[in-house]
Amino acid sequence: MTVQAGEQLALVVDRSYGRLLALLAAPARDIAAAEDALADALERALQRWPLDGVPANPEAWVLTVARNRLRDMWKSPARRLTGPLADDHDAAAESTDPAEIPDRRLELMLVCAHPAIAADIRAPLMLQAVLGVDAAAIAAAFAVAPATMAQRLVRAKKRIRDTGIPFTLPERADLAPRLREVLEAVYGAYSIDWLSVPQGAPVDSLSSEALHLAMVLVELLPDEPEVLGLAALLCLCEARRPARLDAHGNFVALDDQDRARWDAELYARGERLLGRAHGLGRPGRFQYEAAIQSAHCAQEVDLPALRKLYRALTRVGPSLGAAVALAALDGEIDGADAGLRALDAIADRSVDVFQPAWVTRGHLLARSGRVDEAAVAYRRAMELTADSAVRTYLDGRLTALLSSGNTAPPPE
């Protein structure tokens, strides 16, 4: 294959995979069939473009070949007996000008996050359908056996086809709850610990793929404040990622990070997105999450303002993580005993196996001079993390605590 043909085909996949798949899947609501047709078209491009030259409109060429492949399948007797036929002809969808190809990725994402689809497969399905991420790579990122992940994805696509979930945009009043499912799926993908992905795996960082999905949503819904808030949150978090480990692979707490190693462009993008969201005047969970990240990244952290943000977050999107963070702030502002009381008041019983809660407890106990109890808390925190870099970091804090017999540095 010539370099030019290879580069053009790679561009089509990177830039247009989700757009093409959404358009192909919509008529029969069959993601699996659309994937097969698109794969066939890309294989044909591998064969034909080096011989015939790259077409003037590569995306339109791929779309046309894939659509023809789907039509052949729809006409087959087996398909007529076992699957739904395509909807009526859509003239807009027949465009051969790539600039006029309808963008139905939002509909595709809404389908992937439909309430009829199991919650634990929504994010993986979105990653595969919208970004074309390989199932084996998704399985590695989600710490699931490849065969298990493949089966789950197949079942989800079959359910979409068999139940006839429509590729349509709901009315504005009905969009919010459906969009919330999409945002939760993207955030869920991001929340998977990126360090759990083995070195050299097909998906280097699931977090970067989730950020890509978030930016797709910004492109499709530029005036939705929670979409902007989610994208801002992921940008601000990802901007700090290069500084989370030092040159030797050791974990570095936020307060100790070298800001020169932050991704300045990504950080600035996050602040711009947060500013746009704030300007729309409809605050929500992801905007508060992003504002909290922004406040943490300030040169001088305003603790009372940060506590106000956490309190607002717990009102609109209560979570165990937010409750623990709020307890830590109470300890910083009102004293360690106040923080411990807030920590003990958390009603969610899963706090007993929530690693950040034990880190916070260890820090607060150390500040109270209760060294032996703090040591127990730090040891429990180390037991609850699978991240060797974080375990080493906590072990260092424990060693410092025991050697000084006094207090430990604050956690991130």
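**Loops, helix packing and buried cores**

At 26% relative accessibility, Arg29 counts as partly exposed, a class lying between buried (under 20% relative accessible area) and exposed (over 50%), with a 1.4 Å probe and protein chains only. The structure is a predicted model, in which local features need pLDDT of at least 70 and side-chain atom pairs count only at pLDDT 80 or more, whereas totals for chains, interfaces and linings use all residues. Residues are numbered from 1 along each chain as its sequence is written, and side-chain values use heavy atoms, with hydrogens and water left out.

Arg29 lies in the loop that separates α1 (3-25) from α2 (31-52), and its phi is near 55°, a positive value in a residue other than glycine. The chain as a whole contains 19 helices and zero strands, these being DSSP runs numbered from the N terminus (H or I, at least four residues, for helices; E, at least two, for strands). Of its 412 residues, 47% count as buried. Among contacts (heavy atoms within 4.5 Å) in the chain with a separation of 6 or more, 67% join residues 24 or more positions apart.

One pairing of residues separated along the chain involves Arg69, which belongs to helix α3 (residues 58-75) and, at 36% relative accessibility, is partly exposed. When neighbours within four places in sequence are left aside, Arg69 is in contact with Ala37 and Asp40; the C-alpha atoms of Arg69 and Ala37 are 5.7 Å apart, although 32 residues separate the two along the chain.

Two helix pairs illustrate contrasting directions of packing. Helix α9 (residues 172-191) and helix α11 (residues 225-239) have axes that come within 11 Å and cross at roughly 5°, the axes being lines fitted to C-alpha atoms over the stretch in contact and the angles running from 0 to 180 degrees between N-to-C directions. The two are therefore roughly parallel, the classes being roughly parallel under 35 degrees, roughly antiparallel over 145, roughly perpendicular from 65 to 115 and oblique for the rest. From α9, Leu179, Leu183, Val186, Tyr187 and Tyr190 meet a set of α11 residues that includes Val227, Leu230, Leu234 and Cys237. Helix α18 (residues 371-383) and helix α19 (residues 388-404), by contrast, pack at about 170° with their axes 9 Å apart, so α18 is roughly antiparallel to α19. Residues making this contact include Val371, Ala374, Tyr378 and Met382 of α18, together with Leu394, Leu398, Leu401 and Leu402 of α19.

The largest nonpolar core (buried Ala, Val, Leu, Ile, Met, Phe, Trp, Tyr and Cys residues joined through side-chain atoms within 4.5 Å) has 91 residues, and Met126, Val186 and Leu234 have the most contacts inside it. Beyond its neighbours within four places in sequence, Val186 touches Met126, Ala210, Leu213, Ala214, Leu217, Leu230 and Leu234. A second, separate core comprises 22 residues, among them Leu364, Val390, Leu394 and Leu401.

A search of the whole structure for disulfides (pairs of cysteine sulfur atoms within 2.5 Å) finds zero. Cys235 forms no such bond because the closest cysteine sulfur, in Cys237, is 9.5 Å from its own, too far for a bond. Cys297 is likewise in no disulfide, the nearest cysteine sulfur, again that of Cys237, being 7.8 Å away. Cys235 is buried, at 0% relative accessibility, and Cys297 is also buried, at 1%.
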